[in-house]
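Here are my notes on this chain, point by point. Please read them with the structure open beside you.

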Amino acid sequence: MRGTGAEAVFYDKVTVRIIRARVKPLPVRQKPAIVEIPEPRAEPEEIVVTASKQNMLLDNYPGSAKIIDFEPAWLSRNGARGTAALTETLPTLSSTNLGRGRNKLYVRGISDSSFNGPTQATVGQYWGDARLNYNAPDPDLNLYDLKRVEILAGPQGTLYGAGSLGGVVRLVPNLPDSTETYATASIGASATRFGGTGGDAAAMFNLPLAKGRMALRLVVYGMREPGYIDDPSRNLRDINDSLSFGQRLTFRVEDLAGWTIDLGSVVQNIKTDDGQYTLRGDPPLERSNALAQPFRNDYRLAYVTARRPVLGSSELVTTTSLVWHDLISVFDATGSDGTTSPRRFEEKNNIALLSNETRLSGGGRRTPGSPACRGSTA
């Protein structure tokens with residue numbers, strides 16, 4: 001039947017059916033699958049981030065910085081309030097409001113939590129060139145006789161190391177003046193609505209020891225903040241009173257073989273009689289506890305800074321500081337064991353921090369780069 005356009009279909013050996021020939025599909029030639037051979041993995045390139053601390057105009061700084069020079073009258077009214085006075089002035093700076101000496105600071109809202117603990121800070125704090133903290137709450141230093149405050153939004157790890165993800169807060173004190181003797185003093189009183197009365201006092205003494213070469217500057221202060229929370233269960237009023245006192249001493253030697261040397265110390269103690277909180281559902285400004293929950297923050301800082309000009313407009317600066325920071329917190333743990341017996345939980349943190357920075361920096365107003373909080377020209 002070849003050539004007839006028909007074909008035979010056999011059903012068995014004797015039965016055959018003639019049908020129209022079926023068109024056979026043309027064979028489809030499949031393309032071979034493309035196998036992608038991965039390229040050899042490139043070795044990661046090393047990224048080097050550099051920055052420098054040098055003098056430059058604030059207008060030329062490619063970042064967010066805030067610098068405030070304080071008026072003596074403002075410091076007399078607000079210096080005793082410490083960091084709380086700064087957070088009300090600077091919108092980029094905030095705190096947890098747990099009470100004096102217990103707060104964590106935030107810059108741009110970056111934080112690890114709202115609770116205290118030995119965790120790395122997100123805001124680096126400095127007193128001049130000395131590091132104030134690393135894994136502790138804000139020491140909340142008195143601002144009396146402060147020259148200015150400088151805030152750099154973070155991250156600032158390249159320049160200032162760990163603990164500065166949110167930014168850097170630098171407190172710049174007035175340095176000893178070797179040209180003349182003078183002193184200042186301030187005293188104030190306060191009253192808290194639904195609370196008690198308090199007050200503060202501070203004094204500064206500047207004493208030249210060798211005119212034009214050597215001087216001493218001493219600041220002493222104290223403050224009592226009245227409480228405003230009552231405890232009906234213990235028949236007590238204004239249980240969260242707070243007392244703080246301290247002193248700062250700076251000794252400066254100028255032109256010692258070309259060096260200017262500053263030796264300083266900062267001492268401050270904060271004591272709060274009870275916790276600064278109330279419980280949801282309780283009457284306003286009332287809290288009932290079986291035990292008082294006092295808090296202490298004892299802060300000690302010693303530092304030495306030496307600087308001298310080198311290579312024309314450059315400057316060599318080295319700072320070594322040592323911090324002793326003791327924190328004691330008491331909590332009412334009554335009921336944690338299933339009984340109504342008073343139960344006290346006490347937490348103690350004893351922190352020691354040794355830090356050093358040695359840098360060679362230079363430049364002028366037209367020099368590009370990153371300025372530092374330190375040495376800002378603006």
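1. Start at the surface. Met-1, Phe-10, Val-16 and Ile-18 make a nonpolar patch of about 420 Å². Phe-10 sits in strand E1, residues 6-10. Its relative accessibility is 58%, so Phe-10 counts as exposed, the cut-off being over 50%. Keep in mind that this is a predicted model.

2. Now the overall account. The chain has three helices and 17 strands. It has 378 residues, of which 39% count as buried. The accessible surface comes to about 21900 Å². Carbon and sulfur atoms hold 56% of that surface. Among contacts in the chain with a separation of 6 or more, 62% join residues 24 or more positions apart.

3. One sheet is worth tracing by eye. Its five strands run in the order E3-E8-E9-E6-E7. The sheet is open, and its pairing is mixed. Strand E3 (65-69) and strand E7 (130-131) are the edges, each pairing on one side only.

4. Look inside that sheet at E8 and E9. Strand E8 covers residues 146-153, and strand E9 covers residues 167-173. They pair in the antiparallel sense over seven bridges. For a register check, take Glu-150: its bridge partner in E9 is Arg-170.

5. Which residues touch the most other members of the largest nonpolar core? They are Leu-93, Trp-127, Val-149, Val-169, Leu-171 and Leu-301. This core has 26 residues. Helix H2 (83-89), E5, E6, E8, E9 and strand E15 (295-310) each supply at least two of them. As background, nonpolar side chains tend to be buried together in soluble globular proteins.

6. Val-169 deserves a closer look. Set aside its neighbours within four places in sequence. Val-169 is then in contact with Leu-93, Val-107, Val-123, Gly-124, Gln-125, Tyr-126, Val-149, Glu-150 and Ile-151. Leu-93 and Val-149 also appear among the core residues named above. Glu-150 is the residue bridged to Arg-170.

7. Next, the pairing of E10, E11 and E12. Strand E10 (residues 182-191) pairs with strand E11 (residues 197-210) over 10 bridges, in the antiparallel sense. Gly-188 stands opposite Asp-200 in E11. E11 also pairs with strand E12 (residues 214-225), again antiparallel, over 11 bridges. There, Ala-202 stands opposite Tyr-221 in E12.

8. Check the turns of these hairpins. Five residues lie between E10 and E11, and in this hairpin Phe-194 takes a positive phi near 60 degrees. Three residues lie between E11 and E12. In that hairpin, Gly-212 takes a positive phi near 75 degrees.

9. Two further positive phi values are worth inspecting. Asn-97 is not a glycine, yet its phi is positive at about 60 degrees. It lies in the loop between strand E4 (93-95) and E5. Is Asn-97 buried or exposed? Its relative accessible area is 56%, so Asn-97 is exposed. Ala-257 is not a glycine either, and its positive phi is about 55 degrees. The loop between strand E13 (242-256) and strand E14 (259-272) holds Ala-257. With a relative accessible area of 65%, Ala-257 is exposed.

10. Last, a loop residue. Thr-119 lies between strand E5 (105-107) and strand E6 (123-127). Its relative accessible area is 37%, so Thr-119 is partly exposed. Thr-119 and Asn-135 are 16 residues apart in sequence. In space, their C-alpha atoms are 5.1 Å apart.

Terms used:
Residues numbered from 1 in each chain as written. Predicted model: local features only at pLDDT ≥ 70, side-chain atom pairs only at ≥ 80, totals over all residues. Heavy atoms only, no water. Pairing = 2+ DSSP bridges. Helix = DSSP H or I, 4+ residues; strand = E, 2+ residues; numbered from the N terminus. Buried < 20%, exposed > 50% of the residue type's maximum accessible area, 1.4 Å probe, protein only. Core = buried A, V, L, I, M, F, W, Y, C linked by side-chain atoms within 4.5 Å. Contact = heavy atoms within 4.5 Å. Areas by Shrake-Rupley, 256 points an atom, 1.4 Å probe, with all protein chains shown as cover. Patch = residues over 30% accessible without salt bridge, like charges linked within 9 Å, V, L, I, M, F, W, Y side chains within 5 Å. Salt bridge = Lys/Arg side-chain N within 4 Å of Asp/Glu carboxyl O.
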